[in-house]
Amino acid sequence: MKAKSSSQIRKEFLDFFESKGHTVKNSYSLIPEDDPSILLVGAGMAPLKKYFTGQATPPNVRMATCQKCVRVGDIDEVGKTARHLTFFEMLGNFSFGEYFKKESLAWGMEFLEDWMEIPRSRLWASVYEEDDEAYEIWKNEIKLPEERIVRLGKEHNFWEIGLGPSGPCSEIYYDRGPEYGCGDPDHKPGCECDQFIEIWNHVFTQYDKQEDGSYKLLESKNIDTGMGLERLAMVLQEKNSVYEIDLMDHLLTLIGEIVGLKYPVGDISDMRMRIIADHARSMTFLVSDGVVPSNEGRGYVLRKLIRRASLQLYLLGQEKRYLKDLAKKSIEIYEEGYPELRERKDTILHMIDLEEEKFHQTLRRGMNYLDEISLDMQRKGQTILDGERAFRLYDTYGFPLSLTEEILEEAGFGVDLEGFDKYMQKQRETSRALVDKEGLGWKGDLQKYLKELEPTTFLGYDQLEVSAKVLEIIVDNELRDTLHAGEKGQVIFDRTPFYATGGGQVGDWGYIESEHNLLNVSLVEQTEKLYFHQVSALRGELRKGDIVSLVVDKDQRMSTARNHSATHLLHQALINVLGEGVQQAGSLVDENRLRFDFNYFEPMTAKQLREVEAQVNENILSDHQVRESHSELEEAKRKGAKALFSEKYDDEVRVISMGTSVELCGGTHVEHSSQIGLFILLSERGIASGVRRIEAITGQKALDYVASQNEVLEEAAGLVKGRWEELPQKLAQLQEEKKELEQTVRKLKDRAGSDIIKDMVSERKSLDDIYVYVKKFEDQNIDGLKLLADQLQAQDPQGLVFLASSLDNKITMVAAAGDKSRDMGYKAGRLVSKIAKELGGGGGGRDHFATAGARDLEKLDGVLENILDILEESRN
């Protein structure tokens with residue numbers, strides 16, 4: 001057996017199956033295409049499901065891929081075992097109704113024996129206990145010794161997920177030798193020990209599971225195989241763990257340099273280093289495929305991976321941020337097989353570093369929260385931390401239970417493990433839907449009944465009105481022959497000029513008519529091959545088989561096209577101004593405006609925004625011809641065509657060029673850039689970690705916006721008695737005049753306040769050894785009263801002040817008590833509280849200062865006359 005690098009294994013696998021007539025495809029994105037049943041791609045067949053179900057036609061009935069996969073269902077086991085990973089590469093060969101068991105198993109052995117040079121004596125096979133066909137193939141065709149063919153039950157060798165396609169499977173195992181076994185001389189594959197490593201699973205999809213639990217034989221049988229690249233590398237490189245293979249070795253070496261350790265250490269540090277190495281790869285590929293950290297869905301998976309890895313670095317004594325360095329190393333390791341990593345390097349590094357920085361802030365808050373918990377438990381005499389707070393540390397701050405236990409143990413505390421488990425179980429139940437989405441559930445909706453229809457022919461790039469035949473009418477998910485006036489439904493035609501919502505562009509609207517009917521089209525959606533027109537019947541009736549005219553609303557189409565073409569110019573301008581690291585993260589264009597999301601890590605400056613807007617308008621004025629061409633996907637990319645990396649493209653792609661902008665795009669566009677008219681950038685803001693959003697308008701909307709702005713300017717100019725171009729000068733002059741007037745008012749107020757204080761000093765009353773200052777005002781607000789109280793206290797720090805004002809039929813009161821007043825028992829809070837109650841109000845405050853409000857204005861004068869008596873009463 002010859003040791004091979006992981007890159008060699010990947011290449012030779014694909015080369016082998018290409019030699020067997022398979023079409024080799026690059027890995028699909030980790031983000032599933034048009035498949036809400038899964039959260040992330042976790043198996044090689046997941047992106048090909050549409051071919052297995054017949055919803056789409058594969059490029060070849062034989063295909064092979066090396067698919068990047070992420071699974072987090074067993075994330076807590078990662079790093080603890082020799083086999084668990086969140087990121088892995090799945091080598092797979094697939095047949096869609098062509099070859100079956102004999103070819104699949106024979107080629108599997110040929111690849112392992114002849115190409116990988118694994119001795120046949122080390123290979124075992126398992127089959128489903130009732131699958132005599134597979135058993136006979138192994139025994140009579142492949143000539144594997146019968147003692148190395150094992151029959152296993154359904155839990156080991158039968159694949160099914162709910163209803164739909166299912167079937168037995170046959171697994172190929174590698175025998176590592178008895179030294180890795182459990183000591184039982186008769187044990188075989190299926191045992192939980194480490195002697196037998198499953199390296200390749202061949203699934204024979206031959207049944208359709210029915211609702212009654214029975215299995216119906218499929219007319220078209222399929223092959224779906226999966227072999228983990230990391231496990232095969234472990235075998236060929238003769239390692240004891242997937243963490244020792246070449247792909248991991250470089251990462252673990254770098255991690256060791258960062259934390260000052262050499263892997264393996266021989267203690268818990270090894271587990272921590274393995275977690276970091278695994279998660280570094282997962283986060284790198286997830287960000288590369290367009291996932292953004294968030295608190296839900298895929299974004300939550302990414303955030304969790306980043307935080308778990310950063311926490312392990314922290315627990316290994318490293319408080320600085322190093323995940324971007326590990327992501328950089330991951331890119332270096334994998335860029336040969338996945339060149340998109342190199343293209344998106346800046347985005348990957350920036351986003352991971354930004355998220356780690358946020359987590360460090362959270363981590364510090366978590367440590368502070370744990371300190372608070374410890375102090376609280378000490379005060380209350382508690383020795384066990386309740387499960388709710390332990391879970392909050394885990395869920396909100398990323399603290400694993402073991403870390404909480406370790407820190408609290410040092411302080412002499414324990415943790416309510418049972419209570420923690422209850423909250424953990426509750427979270428698992430809540431999030432099970434997400435984890436389940438890593439499965440491979442099959443759809444069973446109306447598309448099953450429509451899959452025999454010919455694809456809808458789209459003619460809308462060149463025509464806005466066509467005649468078409470009604471193929472199907474659908475109302476409430478049921479097929480109908482007729483749609484009557486007043487009813488709503490979906491209609492499928494043999495051809496259409498209506499653009500269906502997709503690629504960030506909303507669909508067309510318009511109408512359908514003939515001599516016998518008129519229908520409004522409000523929405524058009526597309527499945528794999530069919531266009532569904534959402535219609536409302538206005539008059540007459542529409543029948544299956546009718547020939548009708550389909551008419552697109554020209555104004556709506558043109559306005560949408562303006563906005564779509566403008567997004568291309570905007571994308572190029574952003575790259576010119578901000579740099580090549582800018583990556584489109586999404587867009588939405590309709591007839592009213594355009595929205596463009598992109599990866600960038602700080603708000604754009606006003607200067608950058610002006611420059612982007614200017615560049616777009618320069619390209620509009622340049623009247624570039626908008627050119628459409630078609631080419632192979634890889635060729636288009638080589639020529640510099642920009643692609644949205646979360647988008648899925650066919651082998652042949654449509655390329656839209658205008659000026660220096662070249663993008664892959666299936667949307668509708670203007671014919672010349674000058675038809676966009678005018679581009680106005682309305683706003684730029686952050687919508688997620690490392691993602692910014694620009695909103696803008698074009699065409700008539702932009703002209704209307706300019707007209708409304710001109711109206712505002714003219715109105716403002718009229719108010720300052722000048723022309724609009726004089727507004728900056730006039731406004732600056734008004735601001736200066738305002739400052740001068742404010743200074744004059746301030747001086748007058750100070751002078752008036754000084755006069756008031758003089759009057760109050762002359763009118764003050766004596767009480768024991770202090771002076772009492774009392775006055776009623778008209779139309780004085782609370783701030784004015786506070787200012788006067790402060791000024792009086794500045795002159796007499798020992799005295800007591802009580803001020804009241806009537807404003808808007810309400811009474812506002814302020815009281816202030818100096819040190820000596822308070823020593824004698826006269827407290828501001830008590831005084832205003834007592835007076836407020838007598839006047840039908842309420843309030844209070846501290847001993848030295850208090851405020852209150854009331855409504856009984858008629859009693860106010862009497863209360864002020866008796867202020868000294870009230871003071872004496874409040875003293876007691």
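Which residue in β20 is the bridge partner of V491? In this predicted model, in which local features need pLDDT of at least 70, side-chain atom pairs count only at pLDDT 80 or more, and totals for chains, interfaces and linings use all residues, that partner is H533. Residues are numbered from 1 along each chain as its sequence is written, and side-chain values use heavy atoms, with hydrogens and water left out.

Helices (H or I, at least four residues) and strands (E, at least two) are DSSP runs numbered from the N terminus, and two strands are taken to pair if DSSP finds at least two bridges between them. The V491 bridge belongs to the pairing of strand β16 (residues 488-493) with β20, which is antiparallel and extends over four bridges. Strand β20 (residues 531-543) also pairs with strand β15 (residues 482-484), in the antiparallel sense and over three bridges, with R543 of β20 as the bridge partner of T482. A further antiparallel pairing, over nine bridges, joins β20 to strand β19 (residues 517-526), and here Y531 in β20 stands opposite Q526.

An open sheet of four strands follows the order β22-β23-β28-β27, with antiparallel pairing. Its edges are formed by β22 (583-589) and β27 (679-688), each of which has a single partner strand, so one side of each is left without a neighbour in the sheet. Neighbouring strands of this sheet are turned by 20° against each other on average, direction ignored, where axes are lines fitted to C-alpha atoms (for helices over the stretch in contact) and angles between N-to-C directions run from 0 to 180 degrees. Strand β28 (residues 691-698) runs antiparallel to β27 and is joined to it by eight bridges, with R692 in β28 standing opposite G686. Helix α20 (residues 699-719) packs on the sheet, touching β27 and β28, and its direction makes about 85° with that of β28; contact here means heavy atoms within 4.5 Å.

An open sheet of three strands has the order β24-β25-β26, again with antiparallel pairing. Because β24 (627-632) and β26 (661-664) stand at the edges with a single partner strand each, one side of each is left without a neighbour in the sheet. The twist from one strand to the next averages 30°. Four bridges support the antiparallel pairing of strand β25 (residues 652-658) with β26, and M658 stands opposite S661 in β26.

Residue M658 is also among the members of a core of 29 residues, which include A561, I575 and M604; a nonpolar core is a set of buried Ala, Val, Leu, Ile, Met, Phe, Trp, Tyr and Cys residues joined through side-chain atoms within 4.5 Å. Burial is assigned under 20% relative accessible area and exposure over 50%, with partly exposed in between (1.4 Å probe, protein chains only). The largest nonpolar core holds 96 residues, of which L112, W138 and L326 touch the most other members. Leaving aside neighbours within four places in sequence, L326 is in contact with L251, L254, I255, I258, I276, A280 and L313.

A polar residue in a buried setting is provided by Q615, with a relative accessible area of 18%, placed in helix α18 (residues 606-621). Beyond its neighbours within four places in sequence, Q615 is in contact with A573, N576 and V577. With N576 the Q615 side chain makes a side-chain polar contact of 3.0 Å, a polar contact being a pair of N or O atoms within 3.5 Å; within protein, one must be able to donate a hydrogen and the other to accept it, and residues adjacent in sequence count only if both atoms are side-chain atoms.

The structure holds 44 salt bridges, each defined by a side-chain nitrogen of Lys or Arg within 4 Å of a carboxyl oxygen of Asp or Glu. In one of them, the closest N and O atoms of D508 and R557 are 2.7 Å apart. Because D508 lies in the loop between β17 (495-496) and β18 (510-513) and R557 in helix α17 (residues 554-578), the pair ties together parts that are 49 residues apart in sequence. Both D508 and R557 are buried. In another salt bridge, K102 and E141 have their closest N and O atoms 3.9 Å apart, and this pair links helix α3 (residues 101-115) with helix α4 (residues 132-141) across 39 residues. K102 is partly exposed at 46% relative accessibility, and E141 is partly exposed at 48%.
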